[in-house]
Structure formats: C-alpha cells, structure tokens
Amino acid sequence: MTEWMQDAACRGRNTEMFFPVKGVASGNALRAIEHAKAVCLACPVFDNCRDYILSDYPRYEDDYGIYAAMTPEDRHRARFEARNERQRERRRQRKHNNP
C-alpha cells in the first residue's frame, strides 16, 4: 500500500459500496455507484488515486468497482482519450520537426 492510501476517504468504509453488483443497473446499484463517486470526489487524495488507477494499477484488476469516482467504463474511456491525445501530440511534434 502506498503512503497516500492511508488518507483515502474509502479506507475503513464498507467496500461493498465501491463494488456494486456487477452488470446490474438497478436503482440500488445506481445509488451505490453515485454514493461511492461522491465519497471519491470528496477524498483528500483523489488526484493520487486517479493517477494510480489510470497509470500504475494492473489493468486486469480494475475491470470492476469504483476507483477515483470512475466506473470501469469511465476508466477505459479516460485511457482511450489519453492515448489519443498522446498520439496527436506525437503527430504535432513530427509535423513541427519535419515541416
């Protein structure tokens, strides 16, 4: 466990809130997801968590649950957008270096 995790708002809470029933989009599951996201957004180490889950966290372990106020779909989309932005930046640099 990294040091910043000691200060996470989710630490010591019931983890079921962050892992609602997989594949269920019912009222209770949606309320649990919204509650978990609210805890994340108020967390003092939100930025650390977001950076961790989007870069260092093993991909095979994050296909479920709420991390940094993101569902697995949110994380996939954020990684996809970041990858596209890196590709655009590389193209701009190549264009700038080879006019």
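Arg 86 comes out as partly exposed in this predicted model, with a relative accessible area of 46%. The residue belongs to helix H3, and its company is strongly one-sided in charge: Arg 83, Arg 86, Arg 90, Arg 91 and Arg 94 make up a positive surface patch. Patch members have to show over 30% relative accessible area and take no part in a salt bridge, and Arg 86 clears the area cut-off because its value is 46%.

The helix that carries Arg 86 runs from residue 72 to residue 97. With 26 residues, H3 spans 37 Å from its first C-alpha to its last, close to the 38 Å expected at 1.5 Å a residue. Not every charged side chain in H3 sits out at the surface, though: Asp 74, Arg 75 and Arg 79 are buried.

Asp 74 has a partner for its charge. Its side chain meets that of Arg 77 in a salt bridge, with 2.8 Å from N to O. The two sit 3 residues apart in helix H3, so about one helical turn separates them. As a general point, an α-helix has 3.6 residues a turn, so residues three or four places apart point the same way. The burial of the pair is uneven: Asp 74 is buried, whereas Arg 77 is partly exposed at 42% relative accessible area.

Further along H3, Arg 92 and Glu 89 also join their side chains in a salt bridge, again given as 2.8 Å from N to O. Their spacing in the helix is 3 residues, which means a separation of about one helical turn. Here both ends are partly exposed, Arg 92 with a relative accessible area of 41% and Glu 89 with 33%. This pair doesn't stand alone, as Glu 85, Arg 88, Glu 89 and Arg 92 are linked in a network of salt bridges.

Helix H2, which covers residues 46-56, has a salt bridge of its own. The side chains of Arg 50 and Asp 47 meet at 3.2 Å, N to O, and the two residues are about one helical turn from each other because they lie 3 residues apart in H2. Both are partly exposed: Arg 50 has a relative accessible area of 27%, and Asp 47 has 45%. Taken over the whole structure, the count of salt bridges is 7. In general, side chains of opposite charge can pair when their charged atoms come close.

The loop between H2 and H3 is worth a look for its backbone angles. Ala 68, placed in this loop, has a positive phi of about 50° although it is not a glycine. Ala 69 lies in the loop between H2 and H3 too, and its phi is near 60°, also a positive value in a residue other than glycine. For context, most residues other than glycine have a negative phi. Both alanines are covered: Ala 68 counts as buried at 3% relative accessibility, and Ala 69 is buried with a relative accessible area of 13%. Both calls follow from the cut-off, because buried means under 20% relative accessible area.

Methods: Residues numbered from 1 in each chain as written. Predicted model: local features only at pLDDT ≥ 70, side-chain atom pairs only at ≥ 80, totals over all residues. Heavy atoms only, no water. Helix = DSSP H or I, 4+ residues; strand = E, 2+ residues; numbered from the N terminus. Expected span 1.5 Å × (residues − 1). Buried < 20%, exposed > 50% of the residue type's maximum accessible area, 1.4 Å probe, protein only. Patch = residues over 30% accessible without salt bridge, like charges linked within 9 Å, V, L, I, M, F, W, Y side chains within 5 Å. Areas by Shrake-Rupley, 256 points an atom, 1.4 Å probe, with all protein chains shown as cover. Salt bridge = Lys/Arg side-chain N within 4 Å of Asp/Glu carboxyl O. Lys, Arg positive; Asp, Glu negative; His and termini not counted. Charge placed at Lys NZ, Arg CZ, Asp CG, Glu CD.
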